[in-house]
Amino acid sequence: MCYRCQDYFHHSSRCTRSPRCMKCAGNHWSRDCPKPTDTPATCLHCGGNHTANYTGCPKNPLNRKSFPAAPTNAWSDPAALARIKEKPRQASTSKTEIQFLPNPSTTSQNPPANQENFFLQMSNMMSTMMSSFFNQMAKFHQSNQPLHIQ
């Protein structure tokens, strides 16, 4: 817990937030708290009768009984992978919209076996997309007449 802002999962030496009091939840340092010592503390997180650094606070993330489910990975979910690899649809307007998607025949259906294979696949996809991008830019540049400023 940060001793500066009383928030979780970072250290006060790196904190840039405004100080918060662990005794009364005020916007001041705990050492400067005007609250009398004989009055109960007020938790900054839940408003309970304990200090903000109390480990039994119900808002303390370490006291949660369950955690949210991790998001699904597109590499392991065939449906998500299929949505990513869908062919681009033609726009109904007269202007054509260019989408830079990797060619499905050049990508494997399986996730990469290791980090080196992953970076190799990413490099191949990026090379294909950048080549297509530069070709489109060259066509665009050739189709526009240069402006002559006098």
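Where in the chain is Tyr 54 placed? Tyr 54 lies in the segment before H1, and the legends below start from an overview and then move to single sites. The model is a predicted one, in which local features need pLDDT of at least 70 and side-chain atom pairs count only at pLDDT 80 or more, while totals for chains, interfaces and linings use all residues. Residues are numbered from 1 along each chain as its sequence is written, and side-chain values use heavy atoms, with hydrogens and water left out.

**Figure 1. Overview of the chain, with 2 helices and 0 strands.** Helices (H or I, at least four residues) and strands (E, at least two) are DSSP runs, numbered from the N terminus. Helix H1 covers 78–84, and helix H2 covers residues 115–143. Of the 150 residues in the chain, 16% are buried. Here buried means under 20% relative accessible area, exposed means over 50%, and partly exposed is in between (1.4 Å probe, protein chains only). The chain exposes about 12300 Å², with 55% supplied by carbon and sulfur atoms. Accessible areas come from the Shrake-Rupley method with a 1.4 Å probe, and for residues only the protein chains shown count as cover. Among contacts with a separation of 6 or more, 28% join residues 24 or more positions apart; a contact means heavy atoms within 4.5 Å.

**Figure 2. Surroundings of Tyr 8 in the segment before H1.** Tyr 8 counts as buried, at 14% relative accessibility. Leaving aside neighbours within four places in sequence, Tyr 8 is in contact with Met 1, His 45, Ala 52, Cys 57, Lys 59, Asn 60 and Pro 61. The C-alpha atoms of Tyr 8 and Pro 61 are 8.0 Å apart, although the two residues are 53 residues apart in sequence.

**Figure 3. His 50 and Tyr 54, two residues of the segment before H1.** His 50 is buried, with 16% relative accessibility. Not counting residues up to four places away in sequence, His 50 touches Ala 41, Thr 42, Cys 43, Cys 57 and Pro 58. Cys 57 is also among the contacts of Tyr 8. Tyr 54 is partly exposed, at 42% relative accessibility. The C-alpha atoms of Tyr 54 and Met 22 are separated by 9.3 Å, and the residues are 32 residues apart along the chain.

**Figure 4. The salt bridge between Arg 17 and Asp 7.** Side chains of opposite charge can pair when their charged atoms come close. The structure holds 1 salt bridge, the term standing for a side-chain nitrogen of Lys or Arg within 4 Å of a carboxyl oxygen of Asp or Glu. In the pair of Arg 17 and Asp 7, the closest N and O atoms are 2.6 Å apart. Both Arg 17 and Asp 7 lie in the segment before H1, so the pair ties together parts that are 10 residues apart in sequence. Arg 17 is partly exposed at 42% relative accessibility, and Asp 7 is partly exposed at 27%.

**Figure 5. Backbone at Gln 6 and Ala 25, each with a positive phi.** Most residues other than glycine have a negative phi, and most peptide bonds are trans. Phi of Gln 6 is near 65 degrees, and phi of Ala 25 is about 70 degrees. Gln 6 is placed in the segment before H1, as is Ala 25. At 0% relative accessibility, Gln 6 counts as buried.

**Figure 6. Aromatic rings of Phe 118, Phe 119 and Trp 29.** The structure holds 3 aromatic pairs. Rings of Phe, Tyr and Trp (its six-membered ring) pair if their centres lie within 6.5 Å; planes under 30 degrees apart count as stacked, over 60 as edge-to-face and the rest as tilted. One of the pairs joins Phe 118 and Phe 119, with centres 5.3 Å apart and planes at 70 degrees, so the pair is edge-to-face. Phe 118 is partly exposed, at 28% relative accessibility. The charged end of Arg 31 sits over the ring of Trp 29, 4.8 Å from its centre. For this, NZ of Lys or CZ of Arg must be within 6 Å of the ring centre and within 35 degrees of the ring normal.

**Figure 7. A nonpolar surface patch that includes Met 130.** The patch of about 460 Å² is made by Met 126, Met 130, Phe 133, Phe 134 and Met 137. Patches are made of residues with over 30% relative accessible area and no salt bridge; like charges are joined within 9 Å, and nonpolar side chains (Val, Leu, Ile, Met, Phe, Trp, Tyr) within 5 Å. Met 130 is in helix H2 and is partly exposed, with a relative accessible area of 37%.
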